[in-house]
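Visitor: I am a first-year student, and I would like to take a close look at one part of this model and then see how the rest is arranged around it. Could you go through it slowly with me?

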Amino acid sequence: MSFISRGFRGRPRSDADPSRLPPGQYLTTDYPVLSAGPTPHTPLDRWDFQIVGELAEPRRWTWDEFRALPSEEVVKDIHCVTKWSKFDTHWRGVSIDTLLDGVDTSAGYVVQYADGGYTTNLPLQDVTGGKAWVVYDSDGAPLAAEHGGPARMLVPHLYFWKSAKWVRGLRLQAEDEPGFWERNGYNNYGDPWREQRYWGD
Amino acid sequence: MAPETAHVKTIGFDVQGWLGHRAGQHVDVRLTAEDGYQAERSYSIASAPDGDRIELTVERLDDGEVSPYLTDELTPGDRIELRGPVGGYFVWEPAVGGPVLLVGGGSGVVPLMAMIRTRAADGGDAEMRLLLSSRSWDDVIYRDELAGLAGDWLTVAHTLTRSQPAGWTGYGRRVDAEMLTEVGPGPDARPQVYLCGPTPFVEAVAEALVSLGHEPHRIKTERFGPTGG
């Protein structure tokens, strides 16, 4: 049960729709960058995206092949565990449903893996059914390296650490496997509406 | 409570039931207004482990929602809600060893200072080098304490990017590869690097370190301060 902080008034309440802001978040119009290490830079002629693990035939696309896939414009609110939220962010990319089209798998979990060694884990059902994309354009321009370019995951219903920057593939697994931040104090699932930031939330 | 610079203050808290922390971790502070409105922000712990007591060093942002409350409103005896410690990656403890290269920009020095203070208190034999970028001599946080600790296991190098005092012989520009080479240690020594500050600072310094041959996975970064785009 929280108590009142003597003398705290807070910012004048903005026009932002409060029902769009998860608990503990504040709205920003900036675009903060947070990561645990230096920004990787993979040349596009060496980039590929793969789906590996629990499926009959691994899938792989080069950059040109990936860009030729059906893509869509996506506009979403995003929520970072460090408390900032940004509404109506614009992206273009490929739906995970498109990438998994026709895949037969018994996997219940997926691990996103990225250049630089970052990983994050999710139940497979959290990236299917129109909930996740691999995006390469942000606000109509190619995604900048410090924001995850050339391509990153977009899984907007969870805290944004569940959307791996510099993503290079998905590994479908029968077992759940905590990723980088999940092993370093952060929640295994990360639902911003239940404020699942850290272990024990 | 103690001022560090014109815009920065250190605040000590006694936290009942505090289970201890490691240098580099942070806490989440939550403020609640009378109408129930809440604001939460994270602050790095500045102090080495010390029983139930922790210190936060807070930079007052003019347009901040939480920092002005902490630096201007809070008085001794007030209570605050905080949660932590948080973070298992950007951490140094004596078992990690050295050599350690700490590079801080402005208030990014706070978690690095926790590491230095931990080393000072706990011994061990890690060698540490701090390269601290500040706007001016008056803006250097922990200036006197760093001067006092500098010696056989700690080297402190300052760069002042906006103005330098008369007779200044130290660095007077943004951190670059040449400065990092002079301050060292070089990549052959395989230092554990901790880099903290505003995003453009961290981005530039990380790139410079990688270009000098430091292994990316030995460079740990924490980017904070005001939400700069």
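Visitor: In which loop of chain A does Lys83(A) lie?

Guide: Please keep in mind throughout that this is a predicted model. Lys83(A) sits in the loop of chain A between strand S4 (72–79) and strand S5 (84–95). Its backbone deserves a careful look, since Lys83(A) is not a glycine and yet has a positive phi of about 100°. As for its surroundings, Lys83(A) has 19 other C-beta atoms within 10 Å and is partly exposed, because a residue counts as buried when 20 or more such atoms lie within that distance and as exposed when there are 12 or fewer.

A second residue of chain A invites the same kind of reading. Asp88(A), which is placed in strand S5 of chain A, also has a positive phi, near 55°, in a residue other than glycine. Asp88(A) has 9 C-beta neighbours inside 10 Å and therefore counts as exposed.

From these residues we can turn to a strand of chain A with other surroundings. Strand S11 (residues 167–173) of chain A has five of its seven residues buried, so this strand is largely enclosed by the rest of the structure. Strand S2 (residues 48–53) of chain A pairs with S11(A) in the parallel sense over four bridges, and within S11(A) it is Gly169(A) that stands opposite Gln50(A). Strand S6 (residues 109–114) of chain A also pairs with S11(A), but in the antiparallel sense and over six bridges, with Val167(A) in S11(A) as the bridge partner of Ala114(A).

Chain A also holds a cis peptide bond, which joins Gly149(A) and Pro150(A) and has an omega of about 15°. Pro150(A) is placed in the loop between strand S9 (141–142) and strand S10 (152–154) of chain A. Chain B offers a counterpart, for the peptide bond from Gly98(B) to Pro99(B) is cis, with omega near 0°, and Pro99(B) is found in the loop between strand S6 (81–86) and S7 of chain B.

The two chains meet in a contact that takes 32 residues from chain A and 36 residues from chain B. On the side of chain A that touches chain B, the residues divide into twelve nonpolar, 14 polar and six charged.

Chain B itself is divided into domain 1 (2–86) and domain 2 (94–223), whose C-alpha centres lie 24 Å apart. Where these domains of chain B meet, 14 residues of domain 1 are in contact with 14 residues of domain 2. On the domain 1 side of this contact, strand S1 (2–5) and strand S5 (53–59) of chain B each supply at least two residues, and the residues of that side divide into seven nonpolar, five polar and two charged. S5(B) has five of its seven residues buried, so this strand is largely enclosed by the rest of the structure. Strand S2 (residues 8–14) of chain B is joined to S5(B) by seven bridges, and the two run antiparallel; one pair of bridge partners consists of Ile11(B) and, in S5(B), Leu56(B).

The interior can be followed next. In soluble globular proteins, nonpolar side chains tend to be buried together. Here the largest nonpolar core has 56 residues, and those with the most contacts inside it are Leu102(B), Leu112(B), Tyr194(B), Leu195(B) and Val205(B). Helix H2 (residues 109–122) of chain B gives the largest share of this core, seven residues. Both domain 1 (2–86) and domain 2 (94–223) of chain B give residues to this core, so it lies between them. A second, separate core has 39 residues, among them Phe66(A), Met153(A), Leu172(A) and Phe180(A).

Finally, consider helix H5 (residues 199–211) of chain B, where at 1.5 Å a residue the 13 residues should span 18 Å, which agrees with the 18 Å between its end C-alpha atoms. The buried residues of H5(B) include Phe201(B), Val202(B), Val205(B) and Leu209(B). The buried residues of this helix pack against strand S7 (100–105), strand S8 (128–134), helix H4 (177–183), strand S10 (192–197) and strand S11 (219–223) of chain B. Just after H5(B) comes Gly213(B), which takes a positive phi of about 105°.

Methods:
Residues numbered from 1 in each chain as written. Chains lettered and ligands numbered in written order. Predicted model: local features only at pLDDT ≥ 70, side-chain atom pairs only at ≥ 80, totals over all residues. Contact = placed C-beta atoms within 7 Å. Nonpolar A, V, L, I, M, F, W, Y, C, P; charged D, E, K, R; others polar. Domains from an automatic or database assignment. Core = buried A, V, L, I, M, F, W, Y, C linked by C-beta atoms within 7 Å. Expected span 1.5 Å × (residues − 1). Pairing = 2+ DSSP bridges.
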